[in-house]
Amino acid sequence: LGKNYGIIKIVINCGGIRHETYRSTLKTLPGTRLSWLTEPDAYSNFDYDPKSDEFFFDRHPATFAFILNYYRTGKLHCPNDVCGPLFEEELAFWGIDETDVEACCWMNYRQHRDAEEALDSFETPEPDPPEDDPALTGGADGDLKRLCMQEDGRRATWWEVWQPRMWALFEDPYSSKYARVSGRTGVTYNL
């Protein structure tokens, strides 16, 4: 490895972008993939190119800058322009616990999970009732007819029935408890 005034540096090429850091920096988070680069057998355990004197990882280069910055500063921030699942996958690859994400970035990092949980809370629509159901023919429960049938008498599609609820979920934070959760994340969707 290259030496600079007696301090050993390590060069990491992540997705085609070279990063240079000190061995001592990588040792700040023991048990993680980057800390393993400081081990004596790292050259044989990782993709090391002796000609360029660098370790290569075929990973997302933009997120790696945030990962390496965590080693340097002790603060794990997540990029705003990278989706949560991708950053989550990168954290797992590098061996970093997601709970280390700084409070200022936590909502941005978690918004994909909160949105997934809110969408999962919607139950699948009930199967279509038989045509001879009294509620559809103006029986005791005429509301079902009004909800599932269009004014022209045709049956409403799944989307026509659920669209107002989906819009309310993401646009009206007071429409349900799930809307309050999705409203806190700052997520905006165009449906």
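**Exercise 1.** Which strand does Arg-18 lie in? Then describe the surroundings of Arg-18 in this predicted model.

*Solution.* Start with the secondary structure: Arg-18 belongs to strand 3, residues 17–22. Next, look at exposure. The relative accessible area of Arg-18 is 49%, and exposed would need over 50%, so Arg-18 counts as partly exposed. Now list the partners: setting aside neighbours within four places in sequence, Arg-18 is in contact with Val-11, Ile-12, Asn-13, Ser-52 and Glu-54. With Glu-54 there is also a polar contact of 2.6 Å between the side chains. Finally, Phe-56 is 38 residues from Arg-18 in sequence, with 8.9 Å between their C-alpha atoms.

**Exercise 2.** Check the span of helix 4 (residues 61–73) and find where its buried residues sit.

*Solution.* First, the span: 13 residues at 1.5 Å a residue should cover 18 Å, and the end C-alpha atoms are 19 Å apart, which agrees. Second, pick out the buried residues of helix 4: Thr-63, Phe-64, Ile-67, Leu-68, Tyr-70 and Tyr-71. These cover an arc of only 145° around the axis, so they lie on the same side of helix 4. Just after the helix, Gly-74 has a positive phi of about 80°.

**Exercise 3.** Which residues have the most contacts inside the largest nonpolar core, and which element gives the most to this core?

*Solution.* The core has 27 residues, and Leu-34, Leu-37 and Ile-67 have the most contacts inside it. Among the elements giving two or more residues are strand 2 (7–14) and helix 6 (103–120). Helix 4 gives the most, with five residues. To finish, follow Ile-67: not counting residues up to four places away in sequence, Ile-67 touches Leu-34, Phe-87, Leu-91, Trp-94 and Ile-96.

Technical notes. Residues are numbered from 1 along each chain as its sequence is written. This is a predicted model: local features need pLDDT of at least 70, side-chain atom pairs count only at pLDDT 80 or more; totals for chains, interfaces and linings use all residues. Side-chain values use heavy atoms; hydrogens and water are left out. Helices (H or I, at least four residues) and strands (E, at least two) are DSSP runs, numbered from the N terminus. The expected span of a helix is 1.5 Å times one less than its number of residues. Buried means under 20% relative accessible area, exposed over 50%, partly exposed in between (1.4 Å probe, protein chains only). The arc is that of the directions from the helix axis to the C-beta atoms. A nonpolar core is a set of buried Ala, Val, Leu, Ile, Met, Phe, Trp, Tyr and Cys residues joined through side-chain atoms within 4.5 Å. Contact means heavy atoms within 4.5 Å. A polar contact is a pair of N or O atoms within 3.5 Å; within protein, one must be able to donate a hydrogen and the other to accept it, and residues adjacent in sequence count only if both atoms are side-chain atoms.
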